[in-house]
Amino acid sequence: MRTVNAYAAPSATEPLVKTTITRRDVGPDDVEIDIAYAGICHSDIHTVRGEWGPIQYPQVVGHEIVGHVSAVGENVTKHQVGDRVGVGCMVNSCGECENCVAGNEQYCLKGNIGTYASVDADGSITQGGYSQAVVVNEDFVLRVPESLDIEKVAPLLCAGITTYSPLHHWNAGPGTKVAVVGMGGLGHMAVKIAVALGAEVTVLSQTTSKQEDSLRYGAKAHYATKDPETFEKLANSFELIINTVSAKIPMGDYLGLLKVDGTLVNVGAPAEPLEVPAFALIPRRLSWAGSAIGGIRETQEMLDFCAEHGILPETELISADQVNEAYERVLSSDVRYRFVIDAATLA
């Protein structure tokens, strides 16, 4: 067992505090990773505040992890000491169900084991990346291409794959008009990836305050959703809409922007239910869908795609003791576009 420093939530209502946690011994199929950087995802905040259901405290979150391999088990063949690697939102799955066999471990029929707040195989609660090290089964450790800046790459392990997966699945590419709802941590990655795939991209944000960024990342247009004329002007315009917003929005209005056979995909996950009028779907044979992250194979594909196209998230590097301030800034949309914790500051 290895004891490491970490930042943990002691309860749903208290600030995160510095503490220590233990990591299991490296098993035959395990990889031990010295963490260099960990991204802050809105999911982390939802989880520690109990907004997605009760969890066990204290809890260390963080599922955007990059670092270097420090030890490997005797059966490990995919990674070796010194490798640049990453860990995303999963650390294991059953490996046997039809979804796992198909490379869709995120939809494991027995439930995948999340990087944090999940029950691990030994009955313990998994603890995430706001820490100095982690031990993970080799099959859930990803290779980080050398061309990607290790200081910035961590958010690709959640924000990157969460947007790449639906864009890939619903065939975004040349000749496709894609709208991205929300211009935050997920949204700005959706824009960059959709543009690299060859789609024509429009950003739908509450205001035009981030319009300059949208256009710089390759979007053709940026509209303010606070302006009612936006929904009139853009009616029947898009084949695909990626909704990255973790808040309740008028789904009928957004569905009205789709062409016949269009799809609106939710990747944002608000705590409260969303209402979808049936007659927003029926007249144009529309689909309303959800998408989680991606499987391990697809996540590696995404990392390689981002390396090929020079895609990285926009990040702000912070020290571990700034995490509570960062949470408040995430909630007030005061970050462009993703906080990354320098794990060296945990020492």
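**Exercise 1. Find which strands α4 lies across, and at what angle it runs to β11.**

Step 1: Locate the elements, remembering that helices (H or I, at least four residues) and strands (E, at least two) are DSSP runs, numbered from the N terminus. This is a predicted model, where local features need pLDDT of at least 70, side-chain atom pairs count only at pLDDT 80 or more, and totals for chains, interfaces and linings use all residues. Residues are numbered from 1 along each chain as its sequence is written, and side-chain values use heavy atoms, with hydrogens and water left out.

Step 2: Look at α4: it lies across β10 and β11 (200-205). Contact here means heavy atoms within 4.5 Å.

Step 3: Read the angle: α4 runs at about 165 degrees to β11. Axes are lines fitted to C-alpha atoms, for helices over the stretch in contact, and angles run from 0 to 180 degrees between N-to-C directions.

**Exercise 2. Work out the strand order of the open sheet of 6 strands.**

Step 1: Trace the pairs; two strands pair if DSSP finds at least two bridges between them. The order is β12-β11-β10-β13-β14-β15, and the pairing is parallel.

Step 2: Mark the edges, β12 (221-224) and β15 (287-290), each of which pairs on one side only. From one strand to the next, the twist averages 20 degrees.

Step 3: Zoom in on β13 and β14, which are joined by 5 bridges. Isoleucine 242 stands opposite valine 265 in β14.

**Exercise 3. Decide how β4 pairs with β3 and with β5.**

Step 1: Take β3 (residues 30-39) and β4 (residues 65-72): they pair in the antiparallel sense over 7 bridges. Alanine 38 has isoleucine 65 of β4 as its bridge partner.

Step 2: Move to β5 (residues 84-87), which is joined to β4 by 4 bridges and also runs antiparallel to it. Here glycine 67 faces valine 85 in β5.

**Exercise 4. Find how many residues of helix α3 are buried.**

Step 1: Apply the cut-offs: buried means under 20% relative accessible area, exposed over 50%, partly exposed in between (1.4 Å probe, protein chains only).

Step 2: Count along residues 159-169: 9 of the 11 are buried, among them Ile161, Tyr164 and Leu167.

Step 3: Look for the cover, which includes β10 (177-181), α4 (185-197) and α9 (296-309).

**Exercise 5. Explain why cysteine 158 forms no bond with cysteine 41.**

Step 1: Recall that a disulfide is a pair of cysteine sulfur atoms within 2.5 Å.

Step 2: Compare: the closest cysteine sulfur to that of cysteine 158, in cysteine 41, is 3.8 Å away, so it is too far for a bond. Cysteine 158 is also buried, at 5% relative accessibility.
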